[in-house]
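Welcome, and thanks for taking a look at this one. Below is a short tour, arranged by topic, to read alongside the coordinates.

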Amino acid sequence: MDVTRKTQIAAGLAEVEARIAEACAAAGRARDEVTLVAVTKTYPAEDVRILAGLGVREIGENRDQEASVKARECADLPLTWHFVGQLQTNKVRSVAAYADVVHSVDRSRLVAAIGREAVRAGRRISCLVQVALDDDPARGGARAADVPGLAEEIAATEGVRLGGVMAVAPLGEEPGKAFARLRDLALAVQAGHPGATIISAGMSGDLAQAIAHGATHVRVGTALLGRRKLFVR
Ligand SMILES: *Cc1c(COP(=O)(O)O)cnc(C)c1O
């Protein structure tokens, strides 16, 4: 193992942990209400192994081509895999083989496809409804008005379970304002589905605002592993 890399990642993790703890304290929340998902896209399986050695159990990826290989290389580790990127229906069979949670469910066809492939694989996959908080679905996510309907569809589909909601803060708006709308949507979904408790929000730059507005899962890449060489959303 690369000792230097391990030291780097341990330092990143300690800093992220400190930021999460501080944000929880500021919001009057317990630290264990927030789960850190380490987003390892563009970084090698060896980094996932280092994170696992440091106690991280939740790993996020956004491209199937990369994630499927990494998940296989790390099959011996006790990890939960989160698929957080835009998902095409022709990739669902592959994703359903390793993903435990899909954060980016934003249309009916995707619900049906994930359900079908999960049943086929003998698995049960948690699905989060991704919300376009600027109401522009171009970058992924359902319009706010479509969220309750999608949640119902997930709840009614075999092979999947309704986990909650997810969003990326829109550009050009104070993230806290956007995350407040996400929390309102999450509470509306929870009124009918008390088990759908996940609010996946917050990344390296805005995790504190997300935690202040109820995030249960933060998805952090850069602050843990460093700046990615390629721009990959
Ligand atoms: C890459 C990515 C993240 C992590 O972003 P950082 O700014 O590197 O922390 C979180 N969520 C999604 C959907 C991503 O694609």
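His217 counts as buried, because its relative accessibility is 12% and the limit for that class is under 20%. Please keep in mind that this is a predicted model. The residue sits in strand β8, and it is a handy place to begin, since the contacts of His217 include Ala201, a residue that gets its own group below.

**Strand β8 and His217**

- The side chain of His217 makes a polar contact of 2.8 Å with the side chain of Thr216.
- Beyond four places in sequence, His217 touches Thr35, Val37, His82, Ile198, Ile199, Ser200 and Ala201.
- Strand β8, which covers residues 217-220, is also among the elements against which the buried residues of α1 pack.

**Ala201 and its surroundings**

- Where does Ala201 sit? You will find Ala201 in the loop that runs between β7 (198-200) and α8 (207-212).
- Ala201 has a relative accessibility of 2%, so this loop residue counts as buried.
- With neighbours up to four places away in sequence set aside, Ala201 is in contact with Ala167, Phe179, Leu182, Ala210, Ala215, His217, Val218 and Arg219.
- Leu182 is 19 residues from Ala201 along the chain, and 8.5 Å separates their C-alpha atoms.

**Helix α7**

- Helix α7 takes in residues 175-192, 18 residues in total.
- From first C-alpha to last, α7 reaches 27 Å, close to the 26 Å expected at 1.5 Å a residue.
- Its buried residues are Pro175, Gly176, Ala178, Phe179, Leu182, Leu185, Ala186 and Val189; two of these, Phe179 and Leu182, also appear in the contacts of Ala201.
- The cover over the buried residues of α7 includes β5, α6, β6 (160-167), β7 and α8.

**Helix α1**

- Helix α1 has 25 residues, from 3 to 27, so at 1.5 Å a residue it should span 36 Å; the C-alpha atoms at its ends are 36 Å apart, in agreement.
- At the start of α1, the backbone nitrogen of Thr4 has a side-chain oxygen of Asp2 within 3.0 Å.
- Which residues of α1 are buried? They are Arg5, Ile9, Gly12, Leu13, Val16, Ile20, Ala23 and Cys24.
- These buried residues pack against β1 (35-39), α2 (45-53), α8, β8 and α9 (222-225).
- After α1 comes Gly28, with a positive phi near 70 degrees.

**Cysteines**

- Cys24 of α1 counts as buried because its relative accessibility is 1%.
- Cys74 has a relative accessible area of 1%, so it is buried too.
- How many disulfides are there? The count comes to 0 disulfides, taking the rule that the two cysteine sulfur atoms must lie within 2.5 Å.

**The ligand**

- The ligand is surrounded by 12 residues, and the closest are Lys41, Ser204, Gly221, Thr222 and Arg228.
- A polar backbone atom of Gly221 is 2.8 Å from an oxygen atom of the ligand.
- In the side chain of Thr222, an N or O atom is 2.5 Å from a ligand oxygen.
- Arg228 also takes part through its side chain, with an N or O atom 2.8 Å from an oxygen atom of the ligand.
- Taken alone, the ligand exposes 390 Å², and the protein buries 91% of that.

**Positive phi outside glycine**

- Thr42 is not a glycine, yet its phi is positive at about 75 degrees.
- Thr42 belongs to the loop between β1 and α2, and it is partly exposed because its relative accessible area is 32%.
- Asp135, another residue other than glycine, has a positive phi near 60 degrees.
- The loop between β5 (125-131) and α6 (147-155) holds Asp135, which counts as partly exposed because its relative accessibility is 41%.

**Lys91**

- Lys91 is placed in the loop between β3 (80-83) and α4 (92-96).
- Its relative accessible area is 33%, so Lys91 is partly exposed.
- Lys91 and Arg219 are 128 residues apart along the chain, with their C-alpha atoms separated by 22 Å.

Technical notes. Residues are numbered from 1 along each chain as its sequence is written. This is a predicted model: local features need pLDDT of at least 70, side-chain atom pairs count only at pLDDT 80 or more; totals for chains, interfaces and linings use all residues. Side-chain values use heavy atoms; hydrogens and water are left out. Helices (H or I, at least four residues) and strands (E, at least two) are DSSP runs, numbered from the N terminus. Buried means under 20% relative accessible area, exposed over 50%, partly exposed in between (1.4 Å probe, protein chains only). Contact means heavy atoms within 4.5 Å. The expected span of a helix is 1.5 Å times one less than its number of residues. A polar contact is a pair of N or O atoms within 3.5 Å; within protein, one must be able to donate a hydrogen and the other to accept it, and residues adjacent in sequence count only if both atoms are side-chain atoms. A residue is near a molecule or strand if one of its heavy atoms lies within 4 Å of it. Accessible areas come from the Shrake-Rupley method with a 1.4 Å probe; for residues, only the protein chains shown count as cover.
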